[in-house]
Amino acid sequence: MANKIYSRMENKNILLILDNIWKPVELDKMVGIPCGADRGRNKLLFTTRNVDVLERMGSTNNFGMGFLNDDEAWTLFTKMTGDVIQTRELYSLSNEVCKECGGLPIVICTIAKTLKNKSHPSDWKVALQELRAPAPTKFTGFLEEEYTKIALSYKCLRDELKKIFLFSSLLENNTSISDMFKHIVCLDILEGVNLTMEEARDRLDKLVQ
């Protein structure tokens, strides 16, 4: 497979991006591209949260991406949440929530999308309390504090969605919706009574989306 991929890229100007890698990648085995100077005209771009991974791969021209400043963070946050935060009741609360995201784009986007359709101040107050609360579990690895903040998006899901989310994590990446549907029905995960098979399938499609 690696040789087949590289044959399509050979003698072309290709930029290959590998996002969010956690350990050194053997490019020659994975996609058939040498990692050294003999890679031809192809360019390789890696993103990682641990610069040591890049150094172990012999990557050059490495540079760090800092956190967003307050103005940049607020611009991204407002773009993700939309008009809901423009009301007088939510404006100051949304500012506080945005600050608790610490300028990290992945946290800002996750929290903003979670609160996008929440127009009641109590929803934002509870979210702010959650973000400021100490983590009940000690995460290990990178971005420990940020992952505890992202957990808020899971807590805000209704029970049915939580079950679907957790069940999906047990499946193979190539599992079809049809195969998933069989398990979901057998486990009686979908809420509602007297659903026809067609209605249940439509419900699952919407939940997966």
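**Exercise 1.** Which helices do the buried residues of H5 pack against?

Solution. The model is a predicted one. Begin with the residues concerned: in helix H5, which covers residues 88-100, Leu-90, Leu-93, Ser-94, Val-97 and Cys-98 are buried. Next, look for their partners. The buried residues of H5 pack against H4, helix H6 (105-115) and H7. Finally, look past the end of the helix: H5 is followed by Gly-102, which has a positive phi near 70°.

**Exercise 2.** Describe the overall make-up of the chain, starting from its elements.

Solution. Count the elements: the chain has 11 helices and 2 strands. Then put them in order. From the N terminus on, they run α-β-α-β-α-α-α-α-α-α-α-α-α. Turn next to burial: of the 209 residues, 28% count as buried. Last come the contacts between residues at least 6 apart in sequence; 65% of these join residues at least 24 apart.

**Exercise 3.** Check the length of H4, then work out how its buried residues are placed around the axis.

Solution. Step one is the length. H4 has 12 residues, and at 1.5 Å a residue these should span 16 Å; the end C-alpha atoms are 16 Å apart, so the two values agree.

Step two is burial. In H4, the buried residues are Ala-73, Trp-74, Phe-77, Met-80 and Thr-81. They cover an arc of only 130° around the axis, and therefore lie on the same side of H4.

Step three is the other face. Turned away from the buried side, it carries the exposed residues Asp-71, Thr-75 and Lys-79.

Step four is the packing: the buried residues of H4 pack against H5, H6 and H7.

Step five concerns the two ends. At the N-terminal end, Asn-69 caps H4, with a side-chain oxygen 3.1 Å from the backbone nitrogen of Asp-71. Just after H4, Gly-82 takes a positive phi of about 80°.

**Exercise 4.** Is Thr-81 buried or exposed, and what is Thr-81 in contact with?

Solution. Locate the residue: Thr-81 is in helix H4, residues 70-81. Its relative accessible area is 2%. Buried means under 20%, so Thr-81 is buried. Within the helix, the side chain of Thr-81 reaches the backbone oxygen of Phe-77 at 3.0 Å. Leaving aside neighbours within four places in sequence, Thr-81 is in contact with Ala-112, Lys-116 and Trp-124.

**Exercise 5.** Repeat the length and burial check for H7.

Solution. Helix H7 (residues 121-132) has 12 residues, which at 1.5 Å each should span 16 Å; its end C-alpha atoms are 17 Å apart, which agrees. The buried residues in H7 are Trp-124, Ala-127, Leu-128 and Leu-131. They cover an arc of only 100° around the axis, so they are on the same side of H7.

**Exercise 6.** Place Cys-156 and Thr-114, and relate one to the other.

Solution. Cys-156 lies in the loop between helix H8 (144-155) and H9. Its relative accessibility is 35%, so Cys-156 counts as partly exposed. Thr-114 is found in helix H6; at 15% relative accessibility, Thr-114 counts as buried. Beyond neighbours within four places in sequence, Thr-114 is in contact with Leu-152, Ser-153 and Cys-156. Cys-156 can also be compared with Ala-127: the two are 29 residues apart in sequence, and their C-alpha atoms are 9.0 Å apart in space.

**Exercise 7.** At what angle do H9 and H11 pack?

Solution. Two packed helices are described by the angle between their axes and the distance between the axes. Helix H9 (residues 159-168) and helix H11 (residues 197-208) pack at about 80°, with their axes 10 Å apart. Angles of 65 to 115 degrees count as roughly perpendicular, and H9 and H11 are therefore roughly perpendicular to each other. The contact is made by Glu-160, Leu-161 and Ile-164 of H9 and by Arg-203, Leu-204 and Leu-207 of H11.

**Exercise 8.** Describe the phi, place and accessibility of Asn-20 and Asn-61.

Solution. Most residues other than glycine have a negative phi. Phi of Asn-20 is positive, near 60°. Asn-20 is in strand S1 (residues 15-21) and, at 30% relative accessibility, counts as partly exposed. Phi of Asn-61 is also positive, near 55°. Asn-61 is found in the loop between helix H3 (51-56) and H4. With a relative accessible area of 71%, Asn-61 is exposed.

Conventions:
Residues are numbered from 1 along each chain as its sequence is written. Side-chain values use heavy atoms; hydrogens and water are left out. Helices (H or I, at least four residues) and strands (E, at least two) are DSSP runs, numbered from the N terminus. Buried means under 20% relative accessible area, exposed over 50%, partly exposed in between (1.4 Å probe, protein chains only). A polar contact is a pair of N or O atoms within 3.5 Å; within protein, one must be able to donate a hydrogen and the other to accept it, and residues adjacent in sequence count only if both atoms are side-chain atoms. Contact means heavy atoms within 4.5 Å. The expected span of a helix is 1.5 Å times one less than its number of residues. The arc is that of the directions from the helix axis to the C-beta atoms. Axes are lines fitted to C-alpha atoms, for helices over the stretch in contact, and angles run from 0 to 180 degrees between N-to-C directions. Angles under 35 degrees count as roughly parallel, over 145 as roughly antiparallel, 65 to 115 as roughly perpendicular and the rest as oblique.
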